[in-house]
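Grab a viewer and a notepad: here are some exercises to work through on one protein model. Each has a task, then a solution that goes step by step.

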Amino acid sequence: MNKLAILSILIGCLLPFTLFSQETLPLIPKPKKIEMGAGSFNLLSPNLQVSAFEEFMEVSELLKDHPFINFSEVELIKKRKKIPENGVRLILPEEGDKLDKDAYRIEVDSQGILITAWEAPQMINAIMTLVQISYLQESGNLIPALTLEDAPRFAYRGLHLDVSRHFFPISFLEKYIDLMAIYKLNRFHWHLTDGAGWRLEIKKYPELTQKAAWRNFSSWKDWWNSPRQYVEMGTPNAYGGFYTQEEARHLIDYAARKGITVIPEIEMPGHSEEVLAVYPNLSCSGQPYHNSEFCIGNEETFTFLTGVLDEVIDVFPSELIHIGGDEASKESWKTCPKCKKRMEEEGLENVDELQSYLIKRINDYVKSKGRKIIGWDEILEGGLAEGATVMSWRGEEGGIKAANSGHDVIMTPGAPMYFDSYQSNPMDQPEAIGGFTPLSRVYDYDPIPSDINDNNRKHIIGVQANLWTEYMPTQEHVEYMAYPRTLALSEVAWTSPEQKDWADFESRLQKHYMLLQRLNVNYYRPTYKPLIRAVYNDSTQTSRVTISSEQYHPTIRYTIDGSDPTAQSPVYVEPLELLKSTIVKSAVFADSVRLGAIDSLQVDIHRAIGKDVIYNNPWDTYEARGDSTLVNGVKGGLSYGDGEWQGFTKGGVDVTIDFERREELNSVSIRFMQVTGPGVYMPGQVTLEVSDNGKDFREWHTIKNNIPTTRARLTFKEFKFDLKGKMARYIRIKATNPQRGYLFTDEIIVY
């Protein structure tokens, strides 16, 4: 007997049998049922035997990925009565077993591990559960005694990666898939083409990888703000890359072994600048760098698209082929003679129907190959393609519409399923596209909206999170944005709503940081800086202040006199009720040491709260709290989508507040945000006017903006006016919108 085997036996004997019986395993996603037993099974037991029914012989090879299971051959179990009494055994259920068809069962005792499942996908899920159990424990060779049964809520559990904006090597994609498997995600959506670069070898069209896969700036932002040129492969400053068909096949096989289907996305008719730069004859203008949409009136377009799809279908066995279908401008189609002729010949009334013509035609072609198309929810415009699956990304409305019309839907709304948005205070984070999607917001999401008819809920077949990589140039940055949010996604996709609980998930999450560290994942570390929020209570005329932290059960100390918190400051235990305006500050402490930065919030209980607001120019799309938004005593948070920021476009901001009588006014302030990625800008200038009758207004002062439009990072600016005791009944605030984007404001504060 070798030394390792002797040591393993001694360790197993020294550990008490009740080691794991006092608490359950912190698995993510949370399983349906788990009962802990006494004792454990040591995977380092000498002569560990792995055996399997014939149906699982191939799947059993996946056990070699387990960090503590070592074996050379798998023994075939030919008859049920010859199932070994020890070791790791992969078996089918007995006749009459009530195990659900999509479920698996793991039973562990001191003799071994028995895994039961009906089919290979469920057996793979069970094996990945064993992998996760080992990574979660300091002694990963010891599997605690237990009985576990589990099954997923949704069949489709997806994670997307955009490799067009930035190219990532196969080695990283393998790691990406490894992590997906551990957390039971089973669809890898591979966004292979977009304006920033074409990434898949198409042998019929070599220019796609000789030139359309390479650009002249490594930074997507620099390239986007340039003339957006493509360069030949081999050019000294060329940036990009592509996957050969053999490399793609390798990744597909690698993922399939772990129960993951790779779904390719080939964009059409929009997001195709890179194609039209090298094959300009497929555009409406016939010239490179003029269009980003295919010419639908040109029959050569369909020759090209079907030729590409033939090779894609040959490489990818996935039933679903993603064709994009989003954000086509359609402007060139309106004036293109070929497109006009196509519309006349097909009896199409508008360009929406022209896009639908392309979608339906491609749909028919893909169906003729035995596959199905999937597209972003804009494929709904102009008519639905029969049998197409819809991926709802602009919000839930498209998904609701598709599900209620009988189409299968994968829910992936921009918030909270876009992991390119900020996950913490944007002012402390690397630049991102915008938005604010903290871990808790991902976890709270339910993919089945209440607005879907009960009979059509079955059409919500899954959920997916997307990683668009405009601002993720490195592998480490992708991991930083994906984790730990992907863990929350896994529970949204797998676990039934009645079993979900944020406090429980947060507790389990603490153990998974060790797993991520062991696998060298550059995950986002929770910030020490707390977050202060204040909500005005109209009935008590007080402001209720809450302080939260991303840390797990931290000690938070606070002050309400404007001073910085110290180790002697009071500990935050419950919300504070404030009777007057004040500055609240807070920080996290460990004993007497402050950890991280101080958060500060000016709480304003001001004179405009509850007053009537007259909208001389209405808000646009972002209603927030409606007429009460700007005077409800609540400041907006870090995202314009949090329900407290009101959005204005055409005409800018133009509102009047009525104080009901002439009052002495000392100051007026209004705050705006800027985050240029999604088109949110500061106003050009803000003007304050006053009036006694609500008709005749006198300009008091104008403040010009000094924040440049080139500042992309989230920025707030307060425009404050000193009225010096001016008497007036009405005040009017006007903010111009020279950038023609969105202006967002949250509260007009008056003293």
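How many salt bridges does the structure hold? The structure holds 41 of them, where a salt bridge is a side-chain nitrogen of Lys or Arg within 4 Å of a carboxyl oxygen of Asp or Glu.

Before you go on, some bookkeeping. This is a predicted model, with local features needing pLDDT of at least 70 and side-chain atom pairs counting only at pLDDT 80 or more, while totals for chains, interfaces and linings use all residues. Residues are numbered from 1 along each chain as its sequence is written, and side-chain values use heavy atoms, with hydrogens and water left out.

**Exercise 1. Inspect the salt bridge of Arg 165 and Asp 194, and say where each partner sits.**

Step 1: the N to O distance between the two side chains is 3.1 Å.

Step 2: these two come from distant parts of the chain, 29 residues apart, with Arg 165 in the loop between β8 (156-162) and α4 (170-182) and Asp 194 in strand β10 (residues 193-194). Helices (H or I, at least four residues) and strands (E, at least two) are DSSP runs, numbered from the N terminus.

Step 3: are the partners buried or exposed? Both Arg 165 and Asp 194 are buried. Buried means under 20% relative accessible area, exposed means over 50%, and partly exposed is in between (1.4 Å probe, protein chains only).

**Exercise 2. Find what ties helix α9 (residues 299-315) to helix α12 (residues 351-368).**

Step 1: look at Arg 361 and Glu 299, which form a salt bridge with their closest N and O atoms 2.2 Å apart.

Step 2: place them: Arg 361 is in α12 and Glu 299 in α9, 62 residues apart along the chain.

Step 3: check the cover. Arg 361 has a relative accessible area of 28%, so it counts as partly exposed, and Glu 299 is partly exposed too, at 37%.

Step 4: now try Lys 369 and Asp 310, whose side chains meet in a salt bridge at 3.7 Å, N to O. Asp 310 belongs to α9, whereas Lys 369 is in the loop between α12 and β16 (372-376), 59 residues apart. With relative accessible areas of 40% for Lys 369 and 33% for Asp 310, these partners are partly exposed.

Step 5: finish with a network, in which salt bridges that share partners join Lys 330, Asp 352, Asp 377, Glu 378, Glu 381 and Arg 394.

**Exercise 3. Work out which strands pair with β24 (residues 582-590).**

Step 1: two strands pair if DSSP finds at least two bridges between them.

Step 2: strand β22 (residues 555-559) runs antiparallel to β24, with five bridges; Ile 556 has Val 588 as its bridge partner.

Step 3: strand β25 (residues 593-603) is antiparallel to β24 as well, over eight bridges, and here Val 584 stands opposite Leu 601.

Step 4: check the turn. The hairpin of β24 and β25 has two residues between the strands, and Asp 591 takes a positive phi near 55°.

Step 5: as for cover, seven of the nine residues of β24 are buried.

**Exercise 4. Explain why β32 (residues 743-750) is called largely enclosed.**

Step 1: count the cover. Eight of its eight residues are buried, so the rest of the structure largely encloses β32.

Step 2: list pairings. β27 is antiparallel to β32 over three bridges, with Gly 647 opposite Phe 744. Strand β28 (residues 653-674) is also antiparallel to β32, through four bridges, and Ile 670 is partnered by Ile 748.

**Exercise 5. Hunt for unusual backbone geometry.**

Step 1: recall the background. Most residues other than glycine have a negative phi, and most peptide bonds are trans.

Step 2: look for cis bonds. Ile 28 to Pro 29 is cis, with omega near 0°, and Pro 29 lies in the loop between α1 (3-14) and β1 (33-42). Ala 415 and Pro 416 are also joined by a cis bond, with omega about 15°; Pro 416 is in helix α14 (residues 414-417).

Step 3: look for positive phi. Arg 228 has a phi of about 60°, in the loop between α6 (220-224) and β13 (239-240). Lys 724 has a phi near 55°; this residue lies in strand β31 (residues 715-735) and counts as exposed, at 67% relative accessibility.
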